[in-house]
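Load the model in your viewer and keep the selection box handy. Each stop names what to pick and what to look for.

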Amino acid sequence: MKKELILVLNCGSSSVKFSIIDPIKEVTYIDGIVETINSVTSLIINNFIKNKKLFKKFDKVESYKKLIILIFDILINQYKNYLNNVVGIGHRVVHGGRYLKKSMIINSSVLSKIQESSIFAPLHNPFHLLAINIALKKILKLKNFNVAVFDTAFHHTLPKESFLYAIPYHFYTDYSIRRYGAHGINHFYITKKSSIFLKKPIFKLNIISCHLGSGSSITAIVNGKSIDTSMGLTPLEGLVMGTRCGDIDPSIIFYMVKELGMSIDKVQKILTENSGVLGISSISNDFRKLEEKYNINKKAKLSIDIFCRRISKYICGYSSLMYGRLDAIVFTGGIGENSSLIRYKIIDKLSLIGCFLDLDKNLENNKKIMFINSIKSIPILVIPANENQIIAKETYDLVKKSIL
């Protein structure tokens, strides 16, 4: 095999996804995930070319560092024929801060800025840095061909009226406090795919992209560019999420510190790790479990209802930014792609802006791009997320450019 492939590492707070991809032909050779569920670690690797699957389960949760090393060891020992053709490693990085506005070859300066931005993404950036440093040591021949692709980059087109907070202006100029957004890699992918399926040039495309997963965000895209997005300075703002609270009255924090005597570190942990649907339901942050209990557990039902209500409100709000033309609402991410219940609960509140489901189409979960709207509705699309394809292409372009 003589290919120019890219290894993609997509490190989340509770899982690690990885792929070996041909970025030109958009062919995925290897696709894998390591995730932790119920105090057990599982590893799944799909070899699409040979139609084989590797599955391993561990009796306990391994450290994040061990998991990254395990992935590299398996790739080096069992998938060497693919790894030998890898010309670059692409890393998804959630937060690039004020200065990292586009994908970049990783060097000491880039690493330093990712570290500085960790304060804005404490659940993610530290894991990205860990994976990057392991990759630099594990595959020495690619030491100069590791690329950081930033979730915040797509949102650097936000106008000031979207990214500024109504606090004294010098907090922006002196300390870079502003809205940065997240999930930009997938929102960008959704924009490209929507352009194809709606048969509309990107520069004329107006959509509302709903990335719904354990972490969720909504982006208003006008003429192919992000003009507003629900996540803010950090991924804590916006929608109700798996463990994150989303939008709250800031005075709640003051009350917790001053009146309840909590430390600021404890408050941060509560709002980022113990809130969202987990905090409301007291059951789980796994939406699959909450859906199973939707009709039999009041708090499970309440958590999903709150989650959907917030999304409907954001969609309606963003529809006012579309300059009179909304080409489509798009659902993506693990929940957006797979949960017909949650899509129904969201769209059911949007008749005022011309959104109506085809109930039968909405029940289909075929892992493909599909329209789920009725005839009288504006288009409603489901597009499976594929951040890795964008990361692979960005990485390949930078690697080839650096070689030339």
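**Stop 1: a salt bridge across the sequence.** Select Glu4 and Lys400. Their side chains form a salt bridge, with the closest N and O atoms 2.8 Å apart. Keep in mind that this is a predicted model. Glu4 sits in the segment before strand E1 (5-11), while Lys400 belongs to helix H16 (residues 387-403), so the pair ties together parts that are 396 residues apart in sequence. Now turn on a surface. Glu4 has 33% relative accessibility and therefore counts as partly exposed. Lys400, at 27%, also counts as partly exposed. In general, side chains of opposite charge can pair when their charged atoms come close. How many salt bridges does a search of the whole structure find? The count is 11.

**Stop 2: Asp305 and its two lysines.** Select Asp305 and Lys301. Here the salt bridge again has its closest N and O atoms 2.8 Å apart. Both residues lie in helix H12 (residues 298-319). They are 4 residues apart, about one turn of the helix. Lys301 has a relative accessible area of 34%, so Lys301 is partly exposed.

Keep Asp305 selected and add Lys345. These side chains meet in a salt bridge too, at 3.3 Å from N to O. This pair links distant parts of the chain: Asp305 is in H12, Lys345 is in helix H14 (residues 340-347), and 40 residues separate them. Are Asp305 and Lys345 buried or exposed? Both are buried.

**Stop 3: helix H14.** Select residues 340-347, the span of H14. Most of H14 is covered, with 6 of its 8 residues buried. Colour the buried ones: Ser340, Ile342, Arg343, Lys345, Ile346 and Ile347. Lys345 is the partner of Asp305 from the previous stop.

Step past the end of H14 to Ser351. Ser351 is in the loop between H14 and helix H15 (359-363). Its relative accessible area is 41%, so Ser351 is partly exposed. Draw a C-alpha to C-alpha distance from Ser351 to Gly333. The two are 18 residues apart in sequence and 23 Å apart in space.

**Stop 4: the end of helix H7.** Select residues 184-197, which make up helix H7. Ile196 is found in this helix. With 55% relative accessibility, Ile196 counts as exposed, because the cut-off for exposed is over 50%. Which residues join Ile196 in a nonpolar surface patch? Add Phe197 and Phe371. Together the three make a patch of about 270 Å².

**Stop 5: the loop after H7.** Select Lys199. Lys199 lies in the loop between H7 and strand E9 (207-211). Check its backbone: phi is near 55 degrees, a positive value in a residue other than glycine. Most residues other than glycine have a negative phi. At 76% relative accessibility, Lys199 counts as exposed.

Move on to Lys200. Add Arg325 and Asp327, and you have a network of salt bridges linking the three residues.

Then pick Pro201, placed in the loop between H7 and E9. Pro201 is partly exposed, since its relative accessible area is 37%. Draw a C-alpha to C-alpha distance from Pro201 to Val399. That pair is 198 residues apart in sequence and 28 Å apart in space.

**Stop 6: another positive phi.** Select Glu26. What is its phi? Glu26 has a positive value of about 55 degrees, although it is not a glycine. Look at its setting: Glu26 is in the loop between strand E2 (15-22) and strand E3 (27-37). With 49% relative accessibility, Glu26 counts as partly exposed, because exposed begins over 50%.

**Stop 7: a helix pair.** Select helix H8 (residues 251-258) and helix H9 (residues 264-273). The two pack at an angle of about 135 degrees, and their axes are 9 Å apart. That angle makes H8 oblique to H9, because only angles over 145 degrees count as roughly antiparallel. Which hand does the crossing have, left or right? H8 passes H9 in a right-handed crossing.

Note on methods. Residues are numbered from 1 along each chain as its sequence is written. This is a predicted model: local features need pLDDT of at least 70, side-chain atom pairs count only at pLDDT 80 or more; totals for chains, interfaces and linings use all residues. Side-chain values use heavy atoms; hydrogens and water are left out. Patches are made of residues with over 30% relative accessible area and no salt bridge: like charges are joined within 9 Å, nonpolar side chains (Val, Leu, Ile, Met, Phe, Trp, Tyr) within 5 Å. Accessible areas come from the Shrake-Rupley method with a 1.4 Å probe; for residues, only the protein chains shown count as cover. A salt bridge is a side-chain nitrogen of Lys or Arg within 4 Å of a carboxyl oxygen of Asp or Glu. Buried means under 20% relative accessible area, exposed over 50%, partly exposed in between (1.4 Å probe, protein chains only). Axes are lines fitted to C-alpha atoms, for helices over the stretch in contact, and angles run from 0 to 180 degrees between N-to-C directions. Angles under 35 degrees count as roughly parallel, over 145 as roughly antiparallel, 65 to 115 as roughly perpendicular and the rest as oblique. A crossing is left-handed if the near helix is turned anticlockwise from the far one by less than a right angle, and right-handed if clockwise.
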